[in-house]
Amino acid sequence: MADVQLAPLRAIGDFMLESARFQIPNIKDPEKWANRVLNNLLYYQTNYFLTALIVFLIIGIIHPVKMVCGFIAISVAFGGFVYCTSSRWKARRFKRDHPIISVVLILLAGYLLVYMVGAVIVFMFGIAFPLLLILIHASLRMRSIKNKVTNKLEYVGLKRTPMGIILEGLGQEQEAGS
């Protein structure tokens, strides 16, 4: 991780305004479309991280209580799931030894989930909406010569970036011919 470098923040003119060229991708050629998205994700990664953070914060400012409650509800649900799946024998023994408490806990968890569904939706929207905006921009933004050269340098291994590591973890390594 010591050799990871943060990609530079691209100018707003290059990212969205005067020199930016946008075109609807050819959905009949999914390889070319995926190549465009992957290369744009690498080239504009700092802009995308900043955009996601700003949109998430805006939604958090508009609905702060729902964002916090949604985060807590998802964290509790995830933690409960991890605990129950990692210690099945303890959970089974508890259900067998304390059936009434188990039913009450399940009913309370269900009530909490229904009560918090609005907050969970707001929190998930706060995560999903920035990702949707990034996917739309990466799909529509046509690549420039500078974009292609920079991506070649990253592919050759001269630079490792956070987005490159994320894409590598998702199994989307860059190909030499892109």
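The protein chain contains 8 helices and 0 strands. Helices (H or I, at least four residues) and strands (E, at least two) are DSSP runs, numbered from the N terminus. Along the sequence, the pattern reads α-α-α-α-α-α-α-α. The model is predicted: local features need pLDDT of at least 70, side-chain atom pairs count only at pLDDT 80 or more, and totals for chains, interfaces and linings use all residues. Residues are numbered from 1 along each chain as its sequence is written, and side-chain values use heavy atoms, with hydrogens and water left out.

Of the 178 residues in the protein chain, 29% are buried. Buried means under 20% relative accessible area, exposed over 50%, and partly exposed in between (1.4 Å probe, protein chains only).

Two helices were compared with their expected spans. The expected span is 1.5 Å times one less than the number of residues. Helix α2 covers residues 30-43. Its 14 residues should span 20 Å, and the end C-alpha atoms are 20 Å apart, which agrees. The buried residues of α2 are Arg36, Val37, Leu38, Asn39, Asn40, Leu41, Leu42 and Tyr43. Helix α3 covers residues 45-62 and has 18 residues. From first C-alpha to last, α3 reaches 26 Å, close to the 26 Å expected. In α3, the buried residues are Gln45, Thr46, Asn47, Tyr48, Ala52, Val55, Ile59 and Gly60. An α-helix has 3.6 residues a turn, so residues three or four places apart point the same way.

Tyr43, one of the buried residues of α2, also takes part in a contact with Arg10. The side chain of Arg10 reaches the backbone oxygen of Tyr43 at 2.9 Å. This is a polar contact (a pair of N or O atoms within 3.5 Å; within protein, one must be able to donate a hydrogen and the other to accept it, and residues adjacent in sequence count only if both atoms are side-chain atoms). Arg10 lies in the segment before α1 (12-15). Arg10 is buried, at 10% relative accessible area.

The salt-bridge count comes to 1. A salt bridge is a side-chain nitrogen of Lys or Arg within 4 Å of a carboxyl oxygen of Asp or Glu. Arg96 pairs with Asp97, and the closest N and O atoms are 3.6 Å apart. Arg96 is exposed, with a relative accessible area of 60%. Asp97 is partly exposed, at 45%.

The largest pocket has a volume of about 730 Å³. Its lining comprises 20 residues, of which Gly80, Cys84, Leu105, Ile106 and Ala109 are the closest to the centre. The elements giving two or more residues to this lining are α4 (64-86), α5 (88-97) and α6 (99-140). On a 1 Å grid over the protein atoms alone, a pocket is an open set of points with protein on both sides within 12 Å along at least five of seven lines; lining residues have an atom within 4 Å of a point. By class, the lining has 16 nonpolar, 2 polar and 2 charged residues. Ala, Val, Leu, Ile, Met, Phe, Trp, Tyr, Cys and Pro count as nonpolar, Asp, Glu, Lys and Arg as charged, and the others, Gly among them, as polar.

Two residue pairs were also examined across the sequence. Ala128 lies in helix α6 and is partly exposed, at 42% relative accessibility. Ala128 and Phe56 are 72 residues apart in sequence and 9.3 Å apart in space, C-alpha to C-alpha. His63 lies in the loop between α3 and α4. His63 is partly exposed, at 34%. The C-alpha atoms of His63 and Gly126, 63 residues apart along the chain, are separated by 9.8 Å.

Conventions. On a 1 Å grid over the protein atoms alone, a cavity is a set of points where a 1.4 Å probe fits but cannot get out, and a pocket is an open set with protein on both sides within 12 Å along at least five of seven lines; lining residues have an atom within 4 Å of a point. Grid points are joined across faces, edges and corners, and a volume is the space filled by probe spheres set on the points.
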